[in-house]
Amino acid sequence: MECTNRQVAETLRLIGQLLEIREGNPYRVRAFMNGADAVDRLTRPVAELSKDEVVALGGVGEHLAAVVREVCETGSSTELETLRAEIPPSLLELLRIEGVGPKTVGRLWRELGITSVAELLAATEKGRVRRLKGFGTKSEAEIRRGAERYAASEQRMNRSTADALIAGLAEVLAPGRYVVAGSYRRGKATIGDLDIVSCEDPVALNPRLRLVADEVIESGERRTSIRYRGERVDVRFTTPDAFGPMLIYFTGSKPFNIKLRDRALLEGLRINEYGIAGRAGKDLRTFPTEAAMLKALDLPYIPPELREDAGEIEAAEHDRLPALVIADDLRGDLHVHSNWSDGTLSLAELAAEGERRGYEYLVISDHSATLKVAHGLSERDLAEQRHTIEVINRDSACRLIAGTEVDILSDGTLGFADRILADLEFVIASLHGGLRQDQDQVTRRVIAACENEHVDVIGHPTGRIIGRREPAAIDLGRLIEAAAAHGTALEINASPFRLDLEDTAVRAARDRGVRLSIGTDAHRPGELENLRHGLATARRGWCTADDVLNALPLDRLLEWTG
Ligand code: DGT
Ligand code: CA
Ligand code: CA
Ligand code: ZN
């Protein structure tokens, strides 16, 4: 049984949360939480550690070590299953609401009998939550807003959820014989359902899909739809010689398909998911690839990320499609946290991770002290950190760049004095609080940050968290103008929970000559992987390598930041 550190950490964390919901011993709760963090921090597989090595991890006692081993060996934990069996399954969903932690979930359940998001919404409507000890109208309203946002977001997946489902499905789909199409392939930040084009025989594949499905919605020779881990998955069957038209159709978008079809009709051609036919629908021609089908329509290959009917077909007709930035263009990650603030990896571990990924550089951008919840750095810490970075850089192939993610305070000033910022190699300025200020106020704040000569990048400019937090009311047009005027880059925060700026704003920024800076905002090693989500958003925003800061070699990057 293969088992990742992430799975182990999540299991430990879940046990901790379940114990806390049940008002378990606070020391045990803390032990599980600390154990989860320790496993997250590991750079090698926990499954390879001996029992003594596991016990030696900070905060992991004998009992936890046994749980870790059980999860590694069996993929599950009897303790977790026992705890799970003692609560209504829908209760766990409440934990995903912003501002609702395990303690609150436990009280809502015991004191008000609330077991689901729907019941929580109903209870806030009747004013029942505000009557709990320690709660009031304000906290009730906050919980209600969180629950509403959660209920609305449940309809679309983020890319991290989609990736987990795709990894699960890979176990039943025949390797090399299918492509995940739809909005996922177009690189969208949120995904309604998964669409798969398969050229395997449906008679062979359908029974395997049935095995893993929660529910079979429809099962046939041409198409099958299942519910899988709560999400809808649509499969369309085709053959290798006709893969192209089916992939184009199922990748979409729908407006792109319609534009393509209407354009072909003018030439007397009818296109559908099976191929291209003449006006009467006769003489169907099939194509093995998308490129071959597009060529038959006198078009060059159009990358999926562009297929939104946003000018790409016209650009293709005139051979003016942008040469989109690719993964190989990216030389490093421009936003990473270390354990000097709220990250889990040490600077040396980050340098090693960067080396392993073949990165030329990593920007160490820990928070400023003003962000207390994230253990922000003081001026003194920053100087010490700088020293450590210089020592590591002496023999690291991946250059650590000394930076900061400085807080933009609610009055528009920054969390560090100019004198301190001037000494740093890379400065990201981000909003973390005061996100609900009115449009003019919050826009002025980020513009003030753009105007500061030491600020290189505005981090996660709108502050949105997909499905959990609305973006601040920033006037993006004004921000983009200010960024263009002052030569400040705007971030594409690559976390699948943020993807901020979003694609349309990226395109507007790029059109004004503003550079985009892709940063994962990684706090744990696995999160460095998220760079590809930021890349997809950059591509959706029509970015070429020239538009993206990460494509600069180290010396030119340092020249650019000045
Ligand atoms: P989603 O799932 O909401 O994130 O968005 P998509 O783009 O994945 O849409 P979905 O799953 O409804 O359908 C997958 C693709 O199938 C879509 O991108 C284009 C194609 N498609 C679906 N319905 C139609 C239609 O009525 N007409 C045409 N031409 N294509 C369609
Ligand atoms: Ca879809
Ligand atoms: Ca679909
Ligand atoms: Zn950050």
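Start with the domains: in this predicted model, the domain assignment divides the protein into domain 1 (5–153), domain 2 (157–237), domain 3 (252–317) and domain 4 (327–561). Colour these four ranges separately, then keep domain 2 and domain 3 in view, whose C-alpha centres lie 24 Å apart. The contact between them draws on five residues from domain 2 and ten residues from domain 3.

Next, select the strands of the open sheet, of which there are five, arranged in the order S2-S4-S7-S6-S5 with mixed pairing. At its edges you will find strand S2 (178–180) and strand S5 (215–219), each of which pairs on one side only. Looking across the sheet, neighbouring strands are turned by 20° against each other on average, if direction is ignored.

Now add the helices that pack on this sheet. Helix H9 (residues 159–169) touches S2, strand S4 (194–198), S6 and S7, and the direction of H9 makes about 30° with that of S4. Helix H12 (residues 243–251) also packs on the sheet, where H12 touches S2, S4 and S7, but the direction of H12 makes about 175° with that of S4.

Hide the helices and follow the chain from S5 onwards. S5 and S6 pair in the antiparallel sense over four bridges, and the hairpin that joins S5 to S6 passes through three residues. To locate the register between these two strands, select Glu218, which stands opposite Ser225 in S6.

Continue to the next pair, in which strand S6 (residues 223–228) runs antiparallel to strand S7 (residues 231–237) and is joined to S7 by six bridges. Two facing pairs are worth displaying here: Arg223 stands opposite Arg236 in S7, while Thr224 stands opposite Val235 in S7. The hairpin formed by S6 and S7 has two residues between the strands, and in that turn Arg229 has a positive phi of about 45°.

From S7, move to the metal sites by selecting the calcium ion (ligand 3) together with its protein donors, which are Asp193 (OD), Asp193 (OD), Asp195 (OD) and Asp234 (OD), at 2.3 to 2.6 Å from the ion. Along the sequence, the donor residues of this ion follow the spacing D-x1-D-x38-D. Distant parts of the chain are thereby linked, with Asp193 in the loop between strand S3 (190–191) and S4, and Asp234 in strand S7, 41 residues apart. Asp234 is counted as buried because its relative accessible area is 13%, below the 20% cut-off.

Which residue coordinates both the calcium ion (ligand 2) and the calcium ion (ligand 3)? Asp193 bridges the two ions, which lie 3.7 Å apart. For the calcium ion (ligand 2), display the protein donors Asp193 (O), Asp193 (OD) and Asp195 (OD), which lie 2.2 to 2.5 Å from the ion. The arrangement around the calcium ion (ligand 2) is irregular because its six donor atoms subtend angles of 69 to 165°. Asp195, a donor to this ion, is buried as well, since its relative accessibility is 10%.

For the last stop, select Thr544, in the loop between helix H22 (531–540) and helix H23 (554–561). Is Thr544 buried or exposed? Thr544 is buried, because its relative accessible area of 17% falls under the 20% limit. Leaving aside residues up to four places away in sequence, Thr544 touches Pro322, Ala323, Leu324, Val325 and Arg510, and displaying these residues together with Thr544 completes the tour.

Note on methods:
Residues are numbered from 1 along each chain as its sequence is written. Chains are lettered from A and ligands numbered from 1 in the order in which they are written. This is a predicted model: local features need pLDDT of at least 70, side-chain atom pairs count only at pLDDT 80 or more; totals for chains, interfaces and linings use all residues. Side-chain values use heavy atoms; hydrogens and water are left out. Donors are N, O and S atoms within 2.8 Å of the metal (3.2 Å for Na, K and Ca); water is not among the atoms, so sites may look incomplete. Four donors count as tetrahedral if all angles lie between 85 and 135 degrees; four count as square planar and six as octahedral if opposite donors are over 155 degrees apart and all others between 65 and 115; anything else is irregular. Buried means under 20% relative accessible area, exposed over 50%, partly exposed in between (1.4 Å probe, protein chains only). Two strands pair if DSSP finds at least two bridges between them. Axes are lines fitted to C-alpha atoms, for helices over the stretch in contact, and angles run from 0 to 180 degrees between N-to-C directions. Contact means heavy atoms within 4.5 Å. Domain bounds come from an automatic or database domain assignment.
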